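Trainee: I am new to this structure and would be grateful for a close look at a single part, the surroundings of the ligand. Please set that part in the context of the chain as well.

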Amino acid sequence: MKNKLVNGPQIFPLWQLIRWIQDPLLFQQECCQIYGDIFTLNVQGFAPFVVIGNPLGIQEIFSQNPDNFDVGRGNKIAEPLFGTKSLFVYDGKRHQKERKLLMPPFHGQSLQFYAQSICDIAMEVVNKCPENQPIIIRKVMQTISLEVILKVVFGISEGERYQKIKPLLAQMLDVTDSPLTSSFLFFKFLQKDWGKWSPWGRIQYTRRKIYQLLQEEIEERRSQKNNSGSDVLSLMMAAKDESGQSLTDDELKDELVTLLFAGHETTATSMSWAFYQILSHPSILEKMRKELEETTNNLNPLEIAKLPYLNAVCQEVLRMYPILPIIFPRITKTKMTIMGREFPPETWLTPSIYLVHYREDLYHEPHQFKPERFLEKKFTNYEYLPFGGGTRRCLGYALAELEMKLVLASIISKYSLTLTTEKTVEPQRRGFTISPAGGVPVILLGSVPKTSDHG
Ligand code: HEM
C-alpha cells in the first residue's frame, strides 16, 4: 500500500531499489531536498517506508510505548544469515526477555574485563603489519574486530576450534562485504542452494560448519563444571530469566552469529573512518597524542576510555559516517500521529541517522570533521543517534565505543601512519552498512618518536 500521507519520489520501485542499494545517502539527500525531512520511499521488495530526518519526529517515535510497534519482522531480510532465534527478528515480550538476558555481558563490569584484551589484540595485529608498504586499514580493522569478537564474545581465542572457526567466520562475513554477494540478501530469488559450489550454497555450507563448531563449543563448556569465563558466551549460558529458564543451544548459536554480524563490520568500519579522518587532520592527531601522553603513563585502558578529546573524535566519526543509513523500521500497530500526520497501522517509520546527523541547524558545517562540537554541546538522543534508540538501541554500543577508543589510542600512541591517497574517500554500501570505498589505504611508517615513556 502506498503511503498517501507523505510525499516521495514517483520513480519505479525497482529503480528506487537500485538507488537504495547503490547510494542510500545521496538518494535520501536528494529526496530530502525535494520533499523535506519526512518522505516515503517505495522500494521494490519492501513495504513503503517513511523516512524521518527530523529530531522532533524521532523523539515522538522513541517516546511511544514500545508495544505500539513491531520491529523484528521488518528485519526478516537478514534471517538467512543469523537464523530465526535472533534478537534482531524478535518482537514484543520475546524481544524484551531476550534483551534482558543478553544485556549484562555488554555493560558495566563485564566491559572492564574486555578492555585489556582489546588493547592486546590491536597491538598483536598491527605489530604483524609490514612497515613502509601500502596496507588497507579497513582490512587491519576487520582482523582486529574479528579477533575481539572471537575472544570477547565467543570466548574462543586459541586451539584447534579457533583455527577452524576463524576462517569460516571470515568467509561468512565476506557475504556482506562484497556488493555482489550482498545483493543475495535483497533478491530472494537468488537464495537457491545449488550445492557447495554455488554462491548461496557456499554461504549455507559455511553457516552449517560454523554452527557445528559452536555446538561443540557449547557442549564442551556444559560438560566442564566450572564454565565461569567472563566472555559473552559464558555469561549468556549462565543467564536465567525470572522463571529460571536459560537460553537453548539453538538460541545461543543464533545469538552468537547475530552478535558477529552486528558487531564486526560496524565497528571495523567506524575505526577505518576514524583513521581516515585523523590522518587527514594532523592537528587532530597531534591533540589526541598529547591528551594520551598527558593523562596516563601506563596506558591504563579504563583511563583511556574516559579521555574527553578521544571521546569527541569517536563521536564525530560516528556522526559523520553513520554505519546504517536508517535505523530498524518501526512498524506501527495502532493509529499514530507523528509530526502532525496521522499514520494508519502497518506504516513503516524509519528514522534516518544520516539526515539528522547532516542537519545544518544542529551541526554547523556538517561535512567538516570537527570533534570540538562534541566538547561544546551535548546533543539529545534524537539529534545524535549512531546506535539508534529506544528499546531497540544497539545492544553492543558500549563495547563498540570502548573498542574504537582503545584501538585508536593503542595504535596512534605507538605507530606513525600516513594516508597514501589525497583523494576524498567516499562512503559506499557494503551489505547493510556504509563503508569507506577502497578501505582507506595507508602506510605504517614505524614507531612514533616518544616524548615520554608509555610503558
Ligand atoms: C560502531 C559500531 C556499531 C554501530 C554504529 C551500531 C549501530 C547499530 C544500530 C543503528 C542498530 C539499530 C538500532 C535501532 O534500530 O534503534 C543496532 C542494533 C544492534 N546492534 Fe549495533 N552497532 C555497532 C556495534 C555493535 C556491536 C559491537 C554489537 C555486539 C557485539 C552490536 C549488537 C547489536 C544488536 C544485537 C542490535 C539489535 C538490538 C535489538 O534489536 O534489540 N552492535 N546497532
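Mentor: What follows describes the surroundings of the ligand and then the chain that holds them. Please bear in mind that this is a predicted model.

The iron atom of the ligand is a suitable place to begin. Its only protein donor is C394, whose SG atom lies at 2.3 Å. C394 belongs to the loop that runs between α17 (373–376) and α18 (397–414).

Around the ligand as a whole there are 27 residues, of which H95, R99, R330, R392 and C394 come nearest. R392 places a polar side-chain atom 3.0 Å from an oxygen atom of the ligand. The backbone also takes part: an N or O atom of the F328 backbone lies 3.1 Å from a ligand oxygen atom, and a backbone N or O atom of A262 lies 3.5 Å from a ligand nitrogen atom. Two elements, α5 (92–102) and α12 (249–280), give two or more residues each to this shell. The largest share, six residues, comes from α12. By character, the shell divides into 16 nonpolar, eight polar and three charged residues.

The wider setting is a protein chain with 18 helices and 12 strands. Its radius of gyration is 22 Å, close to the 23 Å given by the globule rule for 455 residues, so the chain is as compact as a globular protein of that length. The C-alpha trace spans about 65 × 55 × 45 Å along its principal axes. Of the 455 residues, 56% count as buried. Among contacts with a separation of 6 or more, 72% join residues 24 or more positions apart.

How values were computed
Residues numbered from 1 in each chain as written. Predicted model: local features only at pLDDT ≥ 70, side-chain atom pairs only at ≥ 80, totals over all residues. Heavy atoms only, no water. Donors = N, O, S within 2.8 Å, 3.2 Å for Na, K, Ca; no water. Helix = DSSP H or I, 4+ residues; strand = E, 2+ residues; numbered from the N terminus. Near = heavy atom within 4 Å. Polar contact = N/O pair within 3.5 Å; in protein donor to acceptor, adjacent residues only side chain to side chain. Nonpolar A, V, L, I, M, F, W, Y, C, P; charged D, E, K, R; others polar. Rg over C-alpha atoms; globule rule 2.2 N^0.38 Å. Buried < 20%, exposed > 50% of the residue type's maximum accessible area, 1.4 Å probe, protein only. Contact = heavy atoms within 4.5 Å.
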